[in-house]
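Hi there,

Here is the structure I promised to pass on. Have a look at it first, then read my notes below.

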Amino acid sequence: MSLNNFSYSHTIGIASFLGRGFMNPVDVRLDSEGLVYVLSRSNAGNQDVRVSVQTQDSEFLHEFGRWGTDPGQTTQPSAMAIDSEDRIYVTDEFMHNVTVFDREGQFIDRWGESGTENGQFNRPSGISIDSEGNLHIVDHLNTRIQKLAPDGTFISSFGTFGTEPGQLNFPWGIAIDKDDSIWIADWRNDRVQKFSRDGDFINSIGSSGKKDGQFNRPSGVHVTSDGSIFVADWRNDRVQAFTSDGAHSETLIGDATLSKWCQEFLDVNPEQASWRENAALFEMEKRFWRPSAVESNDDGLILIADSCRHRIQIYQQKRVLAMN
C-alpha cells in the first residue's frame, strides 16, 4: 500500500490472556517516557482484562488492573488517559466508575457510581485530559460529556440525545486538542463533532458511508500536537486522517507484519507456522479488524489499537520541512 503521509513502522502484539500480548485491545496510550500502555478489554465470555505496559520495541514490563470488582481491579474497561504526572485513569462500563493508578500500576483511588446525577455514570467510555488537568469523560448512555477534577469532583457537563448538530447518539471516543477544544466520536451518528472547552458546538466531520471522509460507527478520535485528526472508523475497518481544518488527507487500512512476539512463537511452534503458510491469508492478515483507538507523540509516531487482531500497528507520520 502506498502511503503519502505515513510510513508503516512495526507491530506489537500477539493474542494472549496474560503477560506479553493483548486480548481485544481497545485503547493505547504513551506515558512521559514513551512506554506503551495497552488496555485489553477481552470479550464477554472471558476475564482477561488488564492494562499491560511495554516498550515500543516489544519488551514487556508489567500489567495491572486485572478482572474483578475490588479496588484496583476492572471488569469492563473502556478507555484510559494518562496525566502529566503519569497517573493512569481507566473508565469501567460495568462498575460505572473511574479507577486511578500510578505509573507502576499501584491503585490510588476510584470514584463514580451508576446514575444520572452529576458525577454519576451510565457506562462511561472515552476519557481525555485538558490543559488544566481536568478529566472529560464520555458518559455513554447518559448521552453527555462530564468534566471532573482529578479527584472526581464534578465541574460541568454538556450534551443531549439527538441527531442535530451538537447532539449525540451513543458517543464513545473523545480527544482534547492543544486549544482545549473537545472532539467526540459520535458513534451512532457516524460523525465526529468538535465543541469548545465550554461545550458549545463548533463543527463536525463525516456522514454515514464507506467513502473517504465518511464513517461507519467511529469509535475513537485523536488530535496530534500539530492538529492532524485521526478517526478510528471501527466498522469500516480503517483509520482516517484529516487536516486540522477537517479535510480528508489519507485512509489507512493496515500494513501489519509479524510482531516480534508472534515471530518468536512461530519459531518454536513449527506446526502453527505451517498452518499459517497453508492458509495463505497474508494480505488479509495485514489489515485492520475493528480498530478502536489512536495515539501519537510529538515525533509523529502513530499507534493504532487493532482490536480484533490483538495488536498495535505503529506508523511514522512524515514531517514536511519548511524551506528557507
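What follows is a short tour of a sheet and two residues that caught my eye.

Before you start, keep in mind that this is a predicted model.

Let's begin with the sheet. It is an open one made of 4 strands, in the order 14-15-16-17, and the pairing is antiparallel. At its edges sit strand 14 (171-176) and strand 17 (201-205), each of which pairs on one side only. On average, neighbouring strands here are turned by 25° against each other, if you ignore direction. As a reminder, strands of a sheet pair through backbone hydrogen bonds, either parallel or antiparallel.

Now zoom in on one pair of that sheet. Strand 16, which covers residues 191-195, pairs with strand 17 in the antiparallel sense over 4 bridges. If you want a spot to click on, try Phe195: the residue opposite is Phe201 in strand 17.

Next, the two residues. Which loop holds Ser58? Look between strand 4 (50-54) and strand 5 (60-64). Ser58 isn't a glycine, yet its phi is positive, near 80°. Is Ser58 buried or exposed? Its relative accessibility is 6%, and buried means under 20%, so Ser58 counts as buried.

Ala280 is the other one. You'll find Ala280 in the loop between helix 2 (270-279) and helix 3 (282-286). Ala280 also has a positive phi, about 50°, although it is not a glycine. With 47% relative accessibility, Ala280 counts as partly exposed, because that class lies between 20% and 50%.

Have fun exploring!

Key. Residues are numbered from 1 along each chain as its sequence is written. This is a predicted model: local features need pLDDT of at least 70, side-chain atom pairs count only at pLDDT 80 or more; totals for chains, interfaces and linings use all residues. Side-chain values use heavy atoms; hydrogens and water are left out. Helices (H or I, at least four residues) and strands (E, at least two) are DSSP runs, numbered from the N terminus. Buried means under 20% relative accessible area, exposed over 50%, partly exposed in between (1.4 Å probe, protein chains only). Two strands pair if DSSP finds at least two bridges between them. Axes are lines fitted to C-alpha atoms, for helices over the stretch in contact, and angles run from 0 to 180 degrees between N-to-C directions.
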